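Good morning, everyone, and thank you for making time for this. Today I would like to talk about enclosed spaces inside a protein, so please have a look at the sequence and the structure before I go on.

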Amino acid sequence: MTHDSPVPRGGNTRPTAREELEARLEEIEAANQLLDPYAFSSRTLIQTTFPHSSRAGDKLVLKNGAVTVTMISPNGLPYGVYPRLIMCWLTREALRRRDLPEDEARTIPLGSSLADFMRDVGIMGRSGGKTGNITSLRKQLRSLFTTMITVEVTNHENRDKRQIVFDQMQNTLIAESSMLWWDTKNPEQLSIQDSSVTLTAGFYRELTCSAVPLDVSILREIRRSPMAIDLYCWMTYRASYQRGITVVTWDQLQRQFGASYQGTARGRRDFKRRLLEALEKVVAAWPEAAVDVTENGLMLRPGAPSVPRRVHQEIAKRYATDAENRF
């Protein structure tokens with residue numbers, strides 16, 4: 001007589017806790033491979049862009065129709081290329097951590113060395129000193145992680161034959177806390193503890209619920225121009241839902257991308273010239289962009305986004321990025 005354990009009916013055995021964990025890790029790894037070829041921005045940061053230069057100071061107000069967006073930071077607002085590249089990287093990392101409990105997921109490791117972080121973000125080369133990119137990067141991180149964004153919507157509705165005006169306001173701080181342990185004099189040096197940033201719950205949800213996939217190769221070609229990055233992100237987002245032909249006027253474009261330019265005739269000319277220079281860079285990197293320059297503004301035609309729509313759909317299905325924008 002044998003003493004083998006009986007086989008359950010149907011010949012099926014229940015997976016062990018270890019097998020369930022391994023299967024879950026494989027599922028997460030497979031999902032993360034979907035993200036690896038891409039960078040991401042969020043719809044709000046596409047529609048609410050950081051300043052292009054330090055002239056904005058510590059406060060910037062953007063008005064577009066019924067919406068007013070105010071950005072403020074005690075360390076001066078983040079500006080230029082670095083905060084844009086950092087936010088594209090942070091959005092992808094936030095998505096990668098989506099399966100974790102939220103309180104754990106929104107603490108994002110920045111790496112154990114400054115050099116590793118710069119490579120991951122896409123900053124080429126490293127230079128020290130007061131004017132080097134290491135000093136500039138740390139300044140931009142301090143500014144970025146202390147920025148508050150306020151969105152105000154003034155609108156009206158009719159009740160009992162009366163028009164009632166209402167104001168809706170929401171304040172969101174980008175980071176709850178951050179810790180940077182890097183050795184700026186020796187960027188390759190590993191630190192005792194990893195640097196990290198903990199995003200606020202509201203901002204973390206914003207990044208993960210409204211992520212827009214971007215083509216890394218296009219970003220790499222235009223990474224030296226903040227205007228080109230803004231324009232590319234906006235154009236590929238618009239292409240994802242564009243159905244007819246739309247002309248976005250120069251005034252509308254300046255309200256979205258040119259807050260630091262004066263509203264004078266000269267300011268409008270300067271903005272238009274800079275935007276056309278940026279558009280030339282974007283089209284050189286993305287020849288399929290469905291955009292034409294007209295006398296009145298940019299004409300957007302139906303066309304494919306820079307990342308195929310099927311990828312948009314796969315990412316939206318896996319990470320619920322089409323959830324309601326909570327920002």
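Let me start with a question: which residues line the second largest cavity? Please keep in mind, as we look for them, that this is a predicted model. The residues that line this second largest cavity are M235, R238, A239, Q242, W286, A289, A290, V291, L300 and R301. When we ask which element gives the largest share of that lining, we find that it is α9, with three residues. Sorted by class, the lining of the second largest cavity has seven nonpolar residues, one polar residue and two charged ones, and the volume of this cavity is about 80 Å³.

Now let me step back to the full count, which comes to three cavities of 30 Å³ or more. The largest cavity holds about 140 Å³ of space, and among the 15 residues that line this largest cavity, those closest to its centre are S41, L45, R84, D230 and C233.

Where does that lining come from? At least two residues each are supplied to the lining of the largest cavity by β1 (38-42), α2 (43-47), α3 (81-96) and α9 (226-239), and the largest share, four residues, belongs to α3. By class, the lining of the largest cavity is made up of eight nonpolar, five polar and two charged residues.

To finish, I would ask you to find α9 once more on the screen, since α9 supplies at least two residues to the lining of the largest cavity and also gives the largest share of the lining of the second largest one.

Key
Residues numbered from 1 in each chain as written. Predicted model: local features only at pLDDT ≥ 70, side-chain atom pairs only at ≥ 80, totals over all residues. Heavy atoms only, no water. 1 Å grid on protein atoms, 1.4 Å probe; cavity = no way out; pocket = protein on both sides within 12 Å on 5 of 7 lines; lining within 4 Å. Points joined across faces, edges and corners; volume = space filled by probe spheres on them. Nonpolar A, V, L, I, M, F, W, Y, C, P; charged D, E, K, R; others polar.
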